[in-house]
Structure formats: C-alpha cells, structure tokens
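Let's take a walk through this model together. Have the viewer open, and follow along from one stop to the next.

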Amino acid sequence: MNRLTGQTPDQGPESEPTHQATQTVVLAPVDAEAWTAPTPIPSAEPSQDYDREPNRRVSRRAAAPQAIEPRGLADLRGQEISAWFGDHLVLDSVSLTMPAGAVTALIGPSGCGKSTFLRILNRMHELVPSAAMAGKVLLDGQDIYDPARRLVDARRQIGMVFQKPNPFPAMSIYDNVVAGLKLTGVKVSRSEKDHLVESSLTKAGLWSEVRSRLQSPGGGLSGGQQQRLCIARSLAVQPRVLLMDEPCSALDPTSTRVIEETMMSLQKEVTIVIVTHNMQQAARVSQQCAFFLASQGTPGVIVEHGDTRAIFESPQDERTEAYVNGHFG
Ligand SMILES: Nc1ncnc2c1ncn2[C@@H]1O[C@H](COP(=O)(O)OP(=O)(O)OP(=O)(O)O)[C@@H](O)[C@H]1O
Ligand SMILES: [Mg+2]
C-alpha cells in the first residue's frame with residue numbers, strides 16, 4: 001500500500017500524488033458572479049485568481065446566495081500532507097493538528113515548506129500549475145478536498161493574510177472590508193454590511209483609526225493599517241480559521257505589536273495559524289508550535305511540534321534547540 005495514495009502497487013506509480021493539479025473533477029455549482037469577477041479576490045495575493053479551479057471542469061450555474069451563519073470554533077488537521085512542484089517533493093508526509101481557539105506558530109528556516117503547507121490548508125497550493133499534493137486537510141473533521149465540497153466554501157471558512165498587505169488600493173476602506181462577501185456568495189443587507197464593517201474593523205484593531213474616513217481609498221493607509229484592513233476583510237466573511245504568512249515581517253514594531261494584540265484577542269473566535277521567522281513573536285502569540293526543516297535538499301518535515309513553551313524551553317530534538325536559539329536558519 002502506498003502511504004501517500006492509499007493505492008496498491010498495481011493501481012498506479014509509487015510516487016503518484018492523490019490531488020494532482022491536472023485531475024479533472026466536476027464540482028458542485030459555484031457562484032457565477034464570483035467566477036467571473038473582474039477584480040482580484042480578497043484574501044488572495046494580488047496576482048492570484050481566487051476562484052479559479054485550475055484544470056477542473058466547473059459548472060457556471062449560479063448557486064443561491066448564502067447568509068452568514070455563526071459557526072463555532074474549529075480545529076484544523078493536516079494528515080500526511082505531501083507536496084510537489086513538478087517532480088520536486090517539497091513536503092513529505094507532514095501531519096499537524098492546529099487546535100480550535102489556539103494560535104499555532106509554524107517556524108523553520110527559509111525553503112522548508114511552511115508557506116506551501118499553509119497554502120495547502122486553504123486550497124491555494126493547487127493554483128500553481130505544476131503543483132500537486134497528497135494527504136488530507138480536515139476542518140472540524142470534514143475533508144476540505146472532498147470533491148463534493150465547493151472550493152469557495154473552503155476559502156471562506158479558512159481565510160488567509162499574506163506577508164505583503166494587499167488591499168484593493170483604489171477601493172474605499174468600507175468596500176475593501178466587505179469585498180469578500182459577494183465573491184464568496186454571501187448576501188447581506190446594507191445594515192448588516194454596516195455592522196460587519198464596524199465589527200470586523202474593531203476586531204482587527206483599526207476601527208478607531210478609520211471610522212471617520214470609511215469612504216477613503218484603502219491604498220491611503222499606512223502599511224500596518226493596510227495589513228489590519230486585510231485582516232478585517234478576511235474576518236468579514238466570518239472564517240473559522242485564519243492563516244497568516246509572516247503577517248508582520250514588512251511592518252514596524254508598533255504595527256507589529258498591534259497585530260499581535262489583534263491575534264491574541266481574535267483567537268477566542270477564530271483558530272489562527274501563523275508562519276513567522278521571529279522567534280520572540282512565536283513565543284509571544286502562540287500556544288502551539290511546529291518546527292519545520294528541510295535539511296540538505298531533502299523535503300520538508302516537521303521535526304518537532306507541541307506546546308510552544310516546551311518547544312522553546314525544553315525541546316526534545318537538538319535541531320529544534322539549535323534553531324530556536326538562533327544557531328542556524
Ligand atoms: N511556485 C513554486 N514553484 C516551484 N517551487 C516552489 C514554488 N513555491 C515554492 N517552491 C519551492 O518549495 C520549497 C518550499 O517553499 P516554501 O515557500 O513553502 O518555503 P518557506 O518555508 O515558506 O520559505 P520562506 O521562509 O523563505 O518563506 C522551496 O524549495 C521552494 O523553492
Ligand atoms: Mg514562506
């Protein structure tokens with residue numbers, strides 16, 4: 001039995017991943033407006049096409065708009081995740097549970113697969129034409145790669161904030177916050193929108209700074225404010241998980257502190273996974289920590305994971321100890 005594919009040898013080659021980007025899958029209907037949206041999509045990097053189903057056949061029949069319903073905290077589990085770019089295996093059977101209501105920090109040297117793992121957690125990895133993956137991602141026990149589930153649902157429930165803030169620069173602050181609603185097929189009234197804008201900006205720690213200029217362009221904010229605007233935009237669709245890939249690495253210490261405080265207050269309602277190269281930040285904001293490593297051209301693996309305090313104060317593996325103490329990476 002192949003540990004990646006679950007196939008017996010006569011079912012396919014040993015190294016064949018289960019979620020090839022080239023597979024053809026007929027999915028449930030997606031929101032036609034989202035599919036044809038001319039603007040870039042929130043929570044994705046500007047160059048990426050959020051709703052594109054690469055190499056998949058997708059029905060364009062419109063789905064009924066959905067209302068936002070409160071959903072409880074959820075854990076996120078990656079099970080035996082492997083990832084390829086072309087023939088290059090970059091992650092080898094990585095398993096990690098990111099507990100509900102906690103902040104999990106992913107740490108490790110450059111190139112060990114942290115961002116790739118994060119992108120697999122909300123189905124962005126498959127946007128890269130050469131990319132493939134194997135394994136499962138379970139949100140509250142449900143497989144987000146189940147072909148019967150809509151891609152847009154996974155993205156709505158599992159939001160992403162990137163290293164470089166990516167608001168729509170010419171769009172107003174107000175419209176930036178609610179941009180994700182239409183694109184994920186969520187229908188809300190004007191008064192609900194007003195409420196969401198205020199509550200999302202408040203949770204993101206930005207409301208008091210922008211409440212008097214909600215119609216000003218998002219591009220007019222400082223870098224730290226833009227990053228908080230992107231957090232507010234992710235929060236407006238009420239995700240259950242927020243993935244953050246080095247969200248403070250382009251920010252000054254004051255903005256970094258505000259975003260760390262935001263994370264700590266958000267974790268009561270959203271499970272958070274953050275990639276960071278800043279060990280002090282990992283120690284400050286996270287309760288769980290996973291140390292990734294790809295040594296000497298081998299694919300990335302998790303060397304050690306668990307309680308953040310234990311990873312920093314009493315690591316079990318000497319490579320973890322060397323890394324958290326700044327001896328390499
Ligand atoms: N689009 C891509 N095409 C081909 N290879 C890629 C692509 N993106 C990443 N890789 C490769 O996958 C491996 C893991 O990259 P990844 O970006 O996940 O690492 P990382 O741990 O996030 O690094 P960093 O800390 O520098 O951000 C690296 O070897 C990288 O070169
Ligand atoms: Mg990265």
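A good place to begin is the shell around ligand 1, which by class holds four nonpolar, six polar and one charged residues. Keep in mind as you look that this is a predicted model. To find the shell on screen, select Phe 85, Val 90, Gly 108, Ser 110, Gly 111, Cys 112, Gly 113, Lys 114, Ser 115, Thr 116 and Val 128. Which helix gives the largest share of these residues? That is helix H2, residues 114-121, with three residues in the shell.

Let's stay with H2 for a moment. This helix is mostly covered, with seven of its eight residues buried. The buried ones are Lys 114, Thr 116, Phe 117, Leu 118, Arg 119, Ile 120 and Leu 121. Two names here should look familiar: Lys 114 and Thr 116 are buried in H2 and also belong to the residues around ligand 1. Just after H2 comes Arg 123, with a positive phi of about 65 degrees. As background for that backbone angle, most residues other than glycine have a negative phi.

The next stop is a pair of helices. Two packed helices are described by the angle between their axes and the distance between the axes. For helix H5 (residues 190-203) and H7, the angle is about 130 degrees and the axes lie 8 Å apart. Because of that angle, H5 counts as oblique to H7. The crossing of H5 past H7 is right-handed. By class, five nonpolar, one polar and one charged residues make up the contact of H5 with H7. On the H5 side you will find Leu 196, Ser 200, Leu 201 and Lys 203, and they meet Ala 232, Leu 235 and Ala 236 in H7.

Now follow the chain out of H7 (223-236) into the loop that leads to strand E8 (241-245), where Gln 238 sits. Gln 238 has a positive phi of about 55 degrees, although it is not a glycine. Is Gln 238 buried or exposed? It counts as buried, because it has 21 C-beta neighbours inside 10 Å, and the cut-off for buried is 20 or more.

On the other side of E8, the loop to helix H8 (253-266) holds Glu 246. Here too phi is positive, at about 45 degrees, and Glu 246 is not a glycine. Glu 246 has 20 C-beta neighbours inside 10 Å and therefore counts as buried.

Key
Residues numbered from 1 in each chain as written. Chains lettered and ligands numbered in written order. Predicted model: local features only at pLDDT ≥ 70, side-chain atom pairs only at ≥ 80, totals over all residues. Helix = DSSP H or I, 4+ residues; strand = E, 2+ residues; numbered from the N terminus. Buried ≥ 20, exposed ≤ 12 C-beta atoms within 10 Å, placed from the backbone. Near = placed C-beta within 6 Å. Nonpolar A, V, L, I, M, F, W, Y, C, P; charged D, E, K, R; others polar. Axes fitted to C-alpha atoms, helices over the stretch in contact; angles between N-to-C directions. Parallel < 35°, antiparallel > 145°, perpendicular 65-115°, else oblique. Left-handed = near helix turned anticlockwise from the far one by under 90°. Contact = placed C-beta atoms within 7 Å.
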